Amino acid sequence: MKKLPFIYANEPKWRLSRHMAFWSLWFIFQLLLYSFSPSPVLQKQPFLHRLAITLPETLVYMIPSIFLAYTLMYLIIPKQVIPGHYLLAAFCSVVLIILTAVLSAALSMTIVDHLRHLQADKLSPRVAGEPHPALYIQLGTAILAGLRGSITVGGVAAAIKLMKCFYEKQQAALLLEKEKANAELQMLKAQLHPHFLFNTLNNIYSFTQEVSEKASGMIMGLSQLLRYILYDCSKPLVPLDKEFKMIRDYIELESTRYDNSLDISLQLPNADSHLIAPLILLPFIENSFKHGASQMTEHPWISLHITIHSDALSMKLINGKPETVKVTTPGIGIENVRKRLQLLYPDQHKLTINVEEEMYIVDLELDLIKK
């Protein structure tokens, strides 16, 4: 995110500086607040001396504040509030506040109380036999002392986290709209004079029928592919069986270049009840030809197996790898399909690409939508 990186960027340097600045400001605020405590003994001291006296206590009370803030920001908000589990989030928040109160009381009645007695003995030694407050008063004061700051900073931290989450969702939505607009623009460019394109292909097809049956078959296959890409792929979702037919046509069209030397293992299930984003699988298959079969001088091979189980598609694509190829960085096509998967199937897909010594392996799991 280029805008306001100090607030929204997720790079470690920005996150660390953001958190350090937040807690530094909160510490200074709490230190000043505690230094103006209405304690008669404390008010008699110079300002800088009061700051030195309240400094250890302020540091101790930062512990419950940090505990509450980070539990809200990294557990309750992302795991419960953002997914919409509001009742569970409210219940967990109440439990969290109680735990923070217990932690605050424990720190107050042990460390803070000890620090206060040391400071009090230095400033105004206690008289022997001086009565101590009742236990329930000490406990109540201890809980309130820690909670008064912890709830405030927890609320501020939660508000910042929610603002950041909503900003990221807004940016993702804007990016999706931009990608959609670019895709529509590319589609419009591709649809320029489609009738001329298909009429020309039909004319070439009629001429090649008398010259080469193989060439005419390739032209007919290309025409069907273009028709599918230009017309059917303009929709956000297409029937899965049409997508499988396009894959078969593409593989058949590519295979004609190899004169039966290409070893293909193809397994596509019946898919008449599901929808899928158009052309989401094709880049992987194109890659298997471009970087695999077409680069192998001997025994090129491709294995494509797709199964559907419980509305989930599982694709395993394996193809041979030429020994001379050393580059393992994914190409632009694969990076683009990764982005499409993240935009169209957030938290609904799993993609793994492994580059072995003699083969490329692609494993894709994808949640499908029923018709």
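Here are three short exercises on the predicted model above, each with a worked solution. This is a predicted model, where local features need pLDDT of at least 70, side-chain atom pairs count only at pLDDT 80 or more, and totals for chains, interfaces and linings use all residues. Residues are numbered from 1 along each chain as its sequence is written, and side-chain values use heavy atoms, with hydrogens and water left out.

**Exercise 1. Check the length of helix α2, then list its buried residues.**

Start with what counts as a helix: a DSSP run of H or I, at least four residues, while strands are runs of E, at least two, and both are numbered from the N terminus. The expected span is 1.5 Å times one less than the number of residues. Helix α2 covers residues 12–35, so its 24 residues should span 34 Å, and the end C-alpha atoms are indeed 34 Å apart. Next, burial means under 20% relative accessible area, with exposed over 50% and partly exposed in between (1.4 Å probe, protein chains only). In α2 that gives R18, H19, W23, W26, F27, Q30, L31, Y34 and S35.

**Exercise 2. Describe how α8 packs on α9.**

Two packed helices are described by the angle between their axes and the distance between the axes. Here the axes are lines fitted to C-alpha atoms over the stretch in contact, and angles run from 0 to 180 degrees between N-to-C directions. For α8 (residues 213–231) and α9 (residues 240–255), the angle is about 150° and the axes lie 10 Å apart. Now look at who touches whom, with contact meaning heavy atoms within 4.5 Å. From α8 come M218, G221, L222, Q224, L225 and Y228; α9 brings K242, E243, K245, M246, D249, Y250 and L253.

**Exercise 3. Trace the five-stranded sheet and find its edges.**

Two strands pair if DSSP finds at least two bridges between them. Write down the order first: β2-β4-β5-β7-β6, an open sheet with mixed pairing. The edges are β2 (263–267) and β6 (349–355); each has a single partner strand, so one side of each lacks a neighbour in the sheet. Then go to the middle. β4 (residues 301–309) and β5 (residues 312–320) are antiparallel over eight bridges, with L304 bridged to L317 of β5. These two strands make a hairpin with two residues between them, and S310 in the turn has a positive phi of about 55°. On to β7 (residues 359–367), which is antiparallel to β5 and joined to β5 by nine bridges. Among the bridge partners in β7, E365 goes with S314 and D363 with K316.
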